[in-house]
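Biologist: Before I plan anything, I would like to go through this structure with you, element by element. Could we begin with the sheets and then turn to the helices?

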Amino acid sequence: MRISKTLFTAFFILFSITPAHAVEIPAVFNFQGTGYGHGVGLSQIGARGKALAGESAQSILSYYYSGTQILPLADNQNVRVNVGHLLTQASIKSGTKDSILNVYLGDVGESLTAVPAASLTWKSGISFVQLGTSISAFIVTGKNSQLLGTNSAWSVRWSGTRYLDGLASTVSLRVNSKSVKYRYGQIQIKSVKAPIIGHRMEVTNTVRIHDEYLFGISEVPSSWPTQALIAQGIASRSYALSKVGIPRRACDCNVYNNISDQAFVGISKEIEPIYGPMWKAAVQASSTSESTGEVITINNLPITAFFTSSSGGQTETSVNAWGQERSFTTSVADPYSQDPVLNPRFFTWNRALDQALLAKAFLLTDVVALTINSRNTTGTVATITATSSDGKTSTLRGETFRSRTQLPSAWFNLI
C-alpha cells in the first residue's frame, strides 16, 4: 500500500515529538514496616516489657548496652538546651504573680554579679525580634511596647514568690502561637549566622543535669512501670553527660530539646496530673547524692546512651545506622517491640510517601523506581536506590532514607 508524502510527513513529525516509551512517574510509593526510630541502644518498648516481667533498671540497661558499667558520677554540671531554633521572633513573660523578670545585655553565663538592663514585674514581658545581624528587645506591657536595646545576645533570669508546694516561679516562652513554661535555670537568646538564610535567633535554657534537666525529659509516658522509668532516667543522664562541654554553634547549645537528642518539655513533665510525680521519683531513685547519679559508663566515662522507641525485633547497631562503631551498641533480641499489646502503633505500620518528598530525599528531579539493594543482618534496609525518569540514580543508606522521609523505621518493605 502506498502512503502519500503528506501522510508520511505527519507520521514522522508525530513520532519525532512523542517518546517511544513514555515513563510513568508515580504520585506515591507505598511502604510497610515495623518498629519506630533508629533502633540503636535501649528499646523503650523493650524496657517496658522487661520491667513488666520483673526486671530491674540495671538489668535492662546492661542488656541493651553491652560491656558497660553503671557507676555514680557527678551530674551537677549545667547543660545548654536549645528550646527555640532558627527563630525571627520570640517573647518571654512571667508565669507567676509577683515574680521579677531580669533581662541582661549579652550572655552572662553563670555570673552572679551581672547587672540587669531591666527588671520587669509579672505584668510586663520582653519580646525579641531578629533585625539584621542583631536582636532588638522590646518591653511589652499590655498593648504598649518600648525598645530596651539592640544586641547580639541577651539573657533572662527570673525570681519571686514560691508556690505553696515549694516550687519556684516560672516563665513562659512563646514562639508563634505555642507557649512552653520553664521553671529552672536561665534563658539565653543569641543571634547566630545560619547557612543560606542569614542570622536567626537561637534560644537556650541552661539547667543543671541532676534534676532541672532530667525532671523535664519527656521520652516515655510517666505511667510506665517504675523500673522502665528509672532505666530511661539513667540513659538520659548518661546521654546528657556525654554532651557536656561540646558546644554546637548552629544551635548555641549542647543538646536540642527534640528527637535530634532527647525530648525536653520544661515543667510540663513533672506537673502532669497523677503521673508527673512518678517520673520525678524515678529520676530521684537513680540519684546517689545531691550532686551525683547513676551513669552508664565505659572506662569510667559516660556513654552516648542512644535509645529508640522500638525495633523490628532485633536492635540495630551504630555501624549499620550511621557507619560509626560504638562497642556498646551490639544487636540484641527485642521481642517486646513486636508485641501488638505493648507496641500497638508500630509493631506494624503502613506509609505512603509522595513524589516530591522522595525526589527531595534522593536529590533527583523525580523518582520512577525504588530498589532495596541489600539488608543488614538485623533486618533493616542497608541501602536503597532511586531511579529518575531521565535514568539518573541515587543511593542512600537505609537509616538516611528513613530520616529524610520520616518513615517510622528502616525495617520496611516496598509494597
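**Sheets, helices and an aromatic pair**

Modeller: Let us begin with one bridge: threonine 383 has arginine 397 as its bridge partner in strand 23. Please keep in mind that this is a predicted model.

Biologist: How many bridges join strand 22 to strand 23, and which way do the strands run?

Modeller: Five bridges join them, and the two strands run antiparallel. Strand 22 covers residues 381-387.

Biologist: What is the order of strands in that open sheet?

Modeller: The order is 21-22-23, a sheet of three strands with antiparallel pairing. Strand 21 (369-375) and strand 23 (393-397) are the edge strands, each pairing on one side only. From one strand to the next, the twist averages 20 degrees.

Biologist: Which helix packs on the sheet, and which strands are touched?

Modeller: Helix 9, residues 398-405, packs there and touches strand 22 and strand 23. The direction of helix 9 makes about 95 degrees with that of strand 23.

Biologist: Let us move to the sheet with strand 17. What is the order of its strands?

Modeller: The order is 3-17-18, again an open sheet of three strands with antiparallel pairing. Its edge strands, strand 3 (69-74) and strand 18 (301-302), each pair on one side only.

Biologist: Over how many bridges do strand 3 and strand 17 pair?

Modeller: They pair over six bridges in the antiparallel sense, with strand 17 spanning residues 292-298. As an individual example, alanine 74 has threonine 292 of strand 17 as its bridge partner.

Biologist: Which helix lies across strand 3, strand 17 and strand 18?

Modeller: That is helix 5, residues 226-243, which runs at about 75 degrees to strand 17.

Biologist: Staying with helix 5, at what angle does it pack with helix 2?

Modeller: The angle is about 140 degrees, and the axes are 7 Å apart. Helix 2 is therefore oblique to helix 5. Helix 2 passes helix 5 in a right-handed crossing.

Biologist: Which residues meet there?

Modeller: From helix 2 they are Gln44, Ala47, Arg48 and Ala51, and from helix 5 they are Gln227, Ala228 and Gln232. The residues of this contact of helix 2 with helix 5 comprise three nonpolar, three polar and one charged.

Biologist: And how do the axes of helix 5 and helix 6 cross?

Modeller: The axes of helix 5 and helix 6 come within 8 Å and cross at roughly 60 degrees. That angle makes helix 5 oblique to helix 6. The crossing of these two helices is right-handed.

Biologist: Which residues of helix 5 and helix 6 make the contact?

Modeller: Helix 5 contributes Leu229, Ile230, Gln232, Gly233 and Arg237, while helix 6 contributes Met278, Trp279, Ala282, Val283 and Ala285. The residues of the contact of helix 5 with helix 6 divide into seven nonpolar, two polar and one charged. Gln232 of helix 5 also appears in the contact with helix 2.

Biologist: Back to helix 2, then. How do its axis and that of helix 3 cross?

Modeller: The axes of helix 2 (residues 44-52) and helix 3 (residues 57-64) come within 10 Å and cross at roughly 140 degrees. Helix 2 is therefore oblique to helix 3. The contact involves Gly46, Ala47, Lys50 and Ala51 of helix 2, together with Ile60, Tyr63 and Tyr64 of helix 3. By class, the residues of the contact of helix 2 with helix 3 are five nonpolar, one polar and one charged.

Biologist: A change of topic: how many aromatic pairs does a search of the whole structure find?

Modeller: The search finds 13 aromatic pairs. One of them is formed by tyrosine 182 and phenylalanine 264, which are stacked, at 6.2 Å centre to centre and 20 degrees between the planes.

Biologist: Where in the chain do tyrosine 182 and phenylalanine 264 lie?

Modeller: Tyrosine 182 is in strand 13 (residues 178-182), and phenylalanine 264 is in the loop between strand 16 (255-256) and helix 6 (276-285). The two are 82 residues apart, and the pair thus links distant parts of the chain.

Note on methods. Residues are numbered from 1 along each chain as its sequence is written. This is a predicted model: local features need pLDDT of at least 70, side-chain atom pairs count only at pLDDT 80 or more; totals for chains, interfaces and linings use all residues. Side-chain values use heavy atoms; hydrogens and water are left out. Two strands pair if DSSP finds at least two bridges between them. Helices (H or I, at least four residues) and strands (E, at least two) are DSSP runs, numbered from the N terminus. Axes are lines fitted to C-alpha atoms, for helices over the stretch in contact, and angles run from 0 to 180 degrees between N-to-C directions. Contact means heavy atoms within 4.5 Å. Angles under 35 degrees count as roughly parallel, over 145 as roughly antiparallel, 65 to 115 as roughly perpendicular and the rest as oblique. Ala, Val, Leu, Ile, Met, Phe, Trp, Tyr, Cys and Pro count as nonpolar, Asp, Glu, Lys and Arg as charged, and the others, Gly among them, as polar. Rings of Phe, Tyr and Trp (its six-membered ring) pair if their centres lie within 6.5 Å; planes under 30 degrees apart count as stacked, over 60 as edge-to-face and the rest as tilted. A crossing is left-handed if the near helix is turned anticlockwise from the far one by less than a right angle, and right-handed if clockwise.
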